[in-house]
Amino acid sequence: MRLIGASLIIMSSGAIGFVIAKQFILRVKELQELQTALQMLETEISYGLTPLPQAFAKIATNLSTSVAELFSVAQKELESGSTAQQAWQEAIDQVFIETALGERDKEVLINLGYNLGQSASQDQQKHLGLAQHKLTNLYQQAVEEKEQKVKLWRYLGVLVGLFVVILIF
Amino acid sequence: MKNKVNKILKQNILPVLAPQLRRILTNLADNKLTDLVEIRLRANKPLVLELTQDELFIDQHGLIKEDIRQAYQVTPSDITDTLNLMTASSLYTVEEELKAGYLTLPGGHRVGLVGQVIRESNQIKRIKHISGLNIRLCQEIIGAADEVIRQIIAGNDDIYNTLIISPPRCGKTTLIRDLTRQISNGVSELNFKGLKVGVVDERSEIGGAYQGVAQNRLGMRTDLLDRAPKAEGMMLLIRSMSPDLIVTDEIGSKEDIKAVWEALNAGVRVITTIHGNNLADIRSRLNLKELLREDVFKRIIILSGRAGPGTIEKIIKR
């Protein structure tokens, strides 16, 4: 009986640690996908002169994480008659909670929204370039953070479980 | 006719207007809009609807007012929102159009733009801070050329080179569009077989093309070259599409005239239009003199707006 209780405590505590660790891995993946997405958007705008709704749809089908969701919500909003900025903001509001992204990542995305589609393609490229640059920095930080914290949280989860078991029994 | 304008409004125009303007125009009684020609939006100025003969002023509830001061004031954000809706928030896709000062909506409706011009070495590079829009409804009139076509066909598989002279807003584009359709499809009651028609549509007025596809009916044997400069476009068509006839709107520049000559020399028939009131008007223009001196245009059609747009003043046969 005691053994079952002890292992339950350790398992659940360990699981919490794993879930938190997972967020760090996910954030790296999502930032990576965001970079790819903006790169694609830049190509669509500068080379294909594709209107935003079509460009968003294309990006959404090519990605997998919540980032795809972000673009597909923005596309639907655009098609229902919102301006690019409104659509983008709405997509962030709806989707952000499902992502592992942080506040700093959000800020970059929101700022990008103010300029989306509102100028000539050269200008658009500059805005997208700036956002990409910021995301690259954030990505590097996210990778470092992941290296440090994934193992830490996994161990911490299990160890806290063990600690509680020792305290109780 | 009445239903047609309302249908155009509902399908093509209202969805791209800023929400506030959309609401005002939706509230407006249908029967007032039967001869709507243009919707004028100017920042901080009253909303004006241009009819064929008259103007309409509308207040914020969609009621018609006598006094222009009671009309709804268009706000700058009405204009930005409208522009965003017209371009799916993708202004970069219409860079060339912004340079030329107009864009074309699905359905072939033309939107003229004014604002602050950005110059580059004495040429207009772009229009920025757009402050005024003129939405001009495009109405194709099937059968507008019924009378004219009888005069310009030569046998059952040829037509005469034709020049249409007309002041603005007298229906020359409507006429040329329907001519294109009839010549391309053929006219069975006149025993006229269809010809291959190449259309160079520099300002997207004939085909009203949206993303390259004509929105107006131009006939089964028509190849549309949308937004091409006239002179280059005509040469391209002759080289690659082997047309029997080339149709183009509003020639005038030296290059245009040269291209018309080239087309004629290549044995291609030409139908084109030109701004002017009468033949003497055209004769006085340097570039065009020669074209008229030699009898290359066997038919010259003069239009006016005397009895409404599309009134045929005279058909000169030579």
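The following paragraphs describe the fold of chain B, its two domains, and the contact between chains A and B in a predicted model.

Chain B comprises 10 helices and 14 strands. The radius of gyration of chain B is 21 Å, close to the 20 Å that the globule rule gives for 318 residues, so chain B is as compact as a globular protein of that length. Measured out along its principal axes, the C-alpha trace of chain B spans about 55 × 45 × 35 Å, and 42% of the 318 residues of this chain count as buried. Among the contacts in chain B with a separation of 6 or more, 63% are accounted for by residues that stand 24 or more positions apart.

Two domains are assigned within chain B, domain 1 covering residues 2–136 and domain 2 covering residues 146–317. Their C-alpha centres are separated by 29 Å. The contact between the two domains involves 5 residues of domain 1 of chain B and 7 residues of domain 2 of chain B, and the side contributed by domain 1 consists, by class, of 1 nonpolar, 3 polar and 1 charged residues.

Several antiparallel strand pairings can be followed in the part of chain B that precedes residue 137, within the bounds of domain 1 (2–136). Strand β1 of chain B (residues 36–42) is joined by 4 bridges to strand β2 of chain B (residues 48–51), the two strands running antiparallel, and within this pairing Arg40(B) has Val48(B) in β2(B) as its bridge partner. The two strands form a hairpin with 5 residues between them, and in its turn Asn44(B) has a positive phi of about 60°. Strand β1(B) also pairs with strand β7 of chain B (residues 123–136), again in the antiparallel sense and over 5 bridges; here Leu41(B) stands opposite Leu133(B) of β7(B).

Strand β7(B) is in turn joined to β6(B) by 11 bridges, and these two strands likewise run antiparallel. Val117(B) stands opposite Ile127(B) of β7(B), and the hairpin formed by β6(B) and β7(B) has 2 residues between its strands, with Ser121(B) in the turn showing a positive phi of about 40°. Strand β6 of chain B (residues 110–120) has a further antiparallel pairing, over 3 bridges, with strand β5 of chain B (residues 102–104), in which Leu103(B) has Val111(B) of β6(B) as its bridge partner. The hairpin of β5(B) and β6(B) has 5 residues between the strands, and Gly107(B) takes a positive phi near 100° there.

A second arrangement in chain B is an open sheet of 7 strands, which follow the order β10-β9-β11-β12-β8-β13-β14 and show mixed pairing. The edges of this sheet are occupied by β10 (222–226) and β14 (311–317) of chain B; each has a single partner strand, so one side of each is left without a neighbour in the sheet. From one strand to the next, the twist averages 15°. At the β10 end, strand β9 of chain B (residues 197–201) pairs with β10(B) in the parallel sense over 5 bridges, and Val197(B) has Thr222(B) of β10(B) as its bridge partner. Helix α7 of chain B (residues 230–241) lies across β9, β10 and β11 (245–248) of chain B, and runs at about 155° to β9(B).

Between the chains, 16 residues of chain A are in contact with 11 residues of chain B. On the side of chain A that touches chain B, α2 and α6 (121–168) of chain A each supply at least two residues, and the class composition of that side is 9 nonpolar and 7 polar residues, with no charged residues.

One position of chain A may be described individually. Ser64(A) is located in the loop between α2 (52–62) and α3 (66–79) of chain A. Since the cut-off for an exposed residue is 12 or fewer C-beta neighbours, Ser64(A), with 9 such neighbours inside 10 Å, counts as exposed. Ser64(A) and Glu33(A) are 31 residues apart in sequence, and their C-alpha atoms are 8.4 Å apart in space.

Technical notes. Residues numbered from 1 in each chain as written. Chains lettered and ligands numbered in written order. Predicted model: local features only at pLDDT ≥ 70, side-chain atom pairs only at ≥ 80, totals over all residues. Domains from an automatic or database assignment. Nonpolar A, V, L, I, M, F, W, Y, C, P; charged D, E, K, R; others polar. Buried ≥ 20, exposed ≤ 12 C-beta atoms within 10 Å, placed from the backbone. Pairing = 2+ DSSP bridges. Axes fitted to C-alpha atoms, helices over the stretch in contact; angles between N-to-C directions. Rg over C-alpha atoms; globule rule 2.2 N^0.38 Å.
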